[in-house]
Amino acid sequence: MSSDNQWSADEDEGQFSRLIKKSRDSPFVPVGIAGFMTVVSYGLYKLKNRRNQKMSIHLIHMRVAAQGFVVGAVTLGVLYSMYKDYIRPRFFNVSKK
């Protein structure tokens, strides 16, 4: 057998381990996911109490709120990354790891 057919453990990692690795690299990814799930859960809960509001309007509002939370978390992640990579080493003489 050739060594080309060998597989490594990195290729066979599951979704949960990928999420853990991504959350270590970018801590705002789980915050965005949690916020999205919170807004969706709240939207489903409020679905019963929407009174005379049309279903399409309610769904549009919930979609905009969920997307807004995710975009906000991504923006915070980018700002944190820029701070960590550019501002902190320049002003505080911290070496990159």
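Q: What share of the protein chain counts as buried, and how do I read that?
A: Start with the cut-off: a residue is called buried when its relative accessible area is under 20%. In this predicted model, 8% of the 97 residues of the protein chain count as buried.

Q: Which kinds of secondary structure should I look for?
A: Try counting the elements, then reading them in order. Here you'll find 3 helices and 0 strands, and along the sequence the pattern goes α-α-α.

Q: How do I tell which contacts join distant parts of the sequence?
A: You look at how far apart the partners sit along the chain. Among contacts in the protein chain with a separation of 6 or more, 50% link residues 24 or more positions apart.

Q: Where does UniProt place the feature "transmembrane region"?
A: A record like this gives you residue ranges to find in the model. The unreviewed UniProt entry puts the feature at residues 27-45 and 65-83. Now check what the model shows there. Residues 27-45 are 95% helix and 0% strand, with the end C-alpha atoms 28 Å apart. Residues 65-83 come out as 100% helix and 0% strand, and their end C-alpha atoms lie 27 Å apart.

Q: At what angle do helix α2 and helix α3 pack?
A: For a pair of helices, look at the angle and the distance between their axes. Helix α2 covers residues 28-46 and helix α3 covers residues 55-92; they pack at about 165 degrees, with axes 9 Å apart. Angles over 145 degrees count as roughly antiparallel, so that's how α2 lies relative to α3. As for handedness, α2 passes α3 in a right-handed crossing.

Q: Which residues of α2 and α3 meet?
A: It helps to list each side of the contact. From α2, the set includes Phe28, Val31, Gly32, Gly35 and Phe36. On the α3 side, His58, Met62, Ala65, Ala66 and Phe69 are among them. Sorted by type, the residues of this contact split into 12 nonpolar, 5 polar and 1 charged.

Q: Is His58 buried or exposed?
A: Compare its accessibility with the cut-off we began with. His58, in helix α3, has a relative accessible area of 5%, so the residue is buried. Leaving out residues up to four places away in sequence, His58 touches Gly43, Lys46, Leu47, Arg50 and Gln53.

Q: How does Ala65 count in terms of relative accessibility?
A: Values between the buried cut-off of 20% and the exposed cut-off of 50% get the label partly exposed. Ala65, also a residue of helix α3, is at 34%, so partly exposed is the label. You can also trace a C-alpha distance: Ala65 and Phe36 are 29 residues apart along the chain, yet their C-alpha atoms are separated by 8.4 Å.

Q: What about Val31: which helix holds this residue?
A: Same routine: find the element, then the accessibility. Val31 belongs to helix α2 and counts as partly exposed at 40% relative accessibility. Val31 and Val74 are 43 residues apart along the chain, with 9.2 Å between their C-alpha atoms.

Conventions: Residues numbered from 1 in each chain as written. Predicted model: local features only at pLDDT ≥ 70, side-chain atom pairs only at ≥ 80, totals over all residues. Heavy atoms only, no water. UniProt positions renumbered as here; feature names shortened; annotations may be inferred. Helix = DSSP H or I, 4+ residues; strand = E, 2+ residues; numbered from the N terminus. Axes fitted to C-alpha atoms, helices over the stretch in contact; angles between N-to-C directions. Parallel < 35°, antiparallel > 145°, perpendicular 65-115°, else oblique. Left-handed = near helix turned anticlockwise from the far one by under 90°. Contact = heavy atoms within 4.5 Å. Nonpolar A, V, L, I, M, F, W, Y, C, P; charged D, E, K, R; others polar. Buried < 20%, exposed > 50% of the residue type's maximum accessible area, 1.4 Å probe, protein only.
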